[in-house]
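Hi,

Here is the structure I promised to pass on. Have a look at it first, and my notes follow underneath.

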Amino acid sequence: MPSKKPTPNSDKLDQIVAAARRERDQRELGYREQALKLYPWICGRCSREFTRANLHELTVHHRDHNHDNNPPDGSNWELLCLYCHDNEHARYLDEPVSGAAAGGKSEPAATHSPFANLKDLLKPRS
Ligand SMILES: [Zn+2]
Ligand SMILES: [Zn+2]
């Protein structure tokens, strides 16, 4: 018997359980767990602080809005409270993409303003 298995202490067991959980949740929650480990539990917008009690209100925002982009260094993650996260996405949807965001993806060039005919729509028909 050359190999003697070390008896796992409870610490090790915890790690194994945590790893198993991580694997199970990895697709959806993996990046959240990682982000919560990497960053202090504070909303990046309103600086609200979180504890285990209300941690479910702290969410992981993807800076480039691509949920498949999850670099392990956390550079694409930002912890935001539910409200600020909502705002962040509302802002993104409302505002036309500015030059800063135009980079990798080649979106069809905006030849006309998305709001060009808004005036017509708002104009009372008379
Ligand atoms: Zn917030
Ligand atoms: Zn987000």
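Let's start with the zinc ion (ligand 1): its protein donors are the SG atoms of Cys43, Cys46, Cys81 and Cys84, at 2.3 to 2.4 Å. Bear in mind that this is a predicted model. The four donor atoms make angles of 102 to 117 degrees, and the site is tetrahedral. Along the chain, these donors follow the spacing C-x2-C-x34-C-x2-C. Cys81 and Cys84 are both buried.

What about the zinc ion (ligand 2), and which residues are its protein donors? They are His61 through ND1, plus His85 and His89 through NE2, lying 2.0 to 2.1 Å from the ion. In sequence the spacing reads H-x23-H-x3-H. His61 sits in strand S1 (residues 58-62) and His85 in helix H2 (residues 82-94), so this pair ties together parts that are 24 residues apart in sequence. Both His61 and His85 are buried.

Now for how far to trust the model. The protein averages a pLDDT of 79, with 59% of the residues scoring at least 70. Among its elements, strand S2 (residues 77-81) has the highest mean pLDDT, at 98, while helix H3 (residues 118-122) has the lowest, at 63. Over residues 99-104 the pLDDT stays under 50, and the model has one contact beyond four places in sequence for that stretch. Where pLDDT is low, the predicted coordinates shouldn't be read in detail.

Cheers

Conventions
Residues numbered from 1 in each chain as written. Chains lettered and ligands numbered in written order. Predicted model: local features only at pLDDT ≥ 70, side-chain atom pairs only at ≥ 80, totals over all residues. Heavy atoms only, no water. Donors = N, O, S within 2.8 Å, 3.2 Å for Na, K, Ca; no water. Tetrahedral: all angles 85-135°; square planar, octahedral: opposite > 155°, others 65-115°. Buried < 20%, exposed > 50% of the residue type's maximum accessible area, 1.4 Å probe, protein only. pLDDT = per-residue confidence, 0-100. Helix = DSSP H or I, 4+ residues; strand = E, 2+ residues; numbered from the N terminus. Contact = heavy atoms within 4.5 Å.
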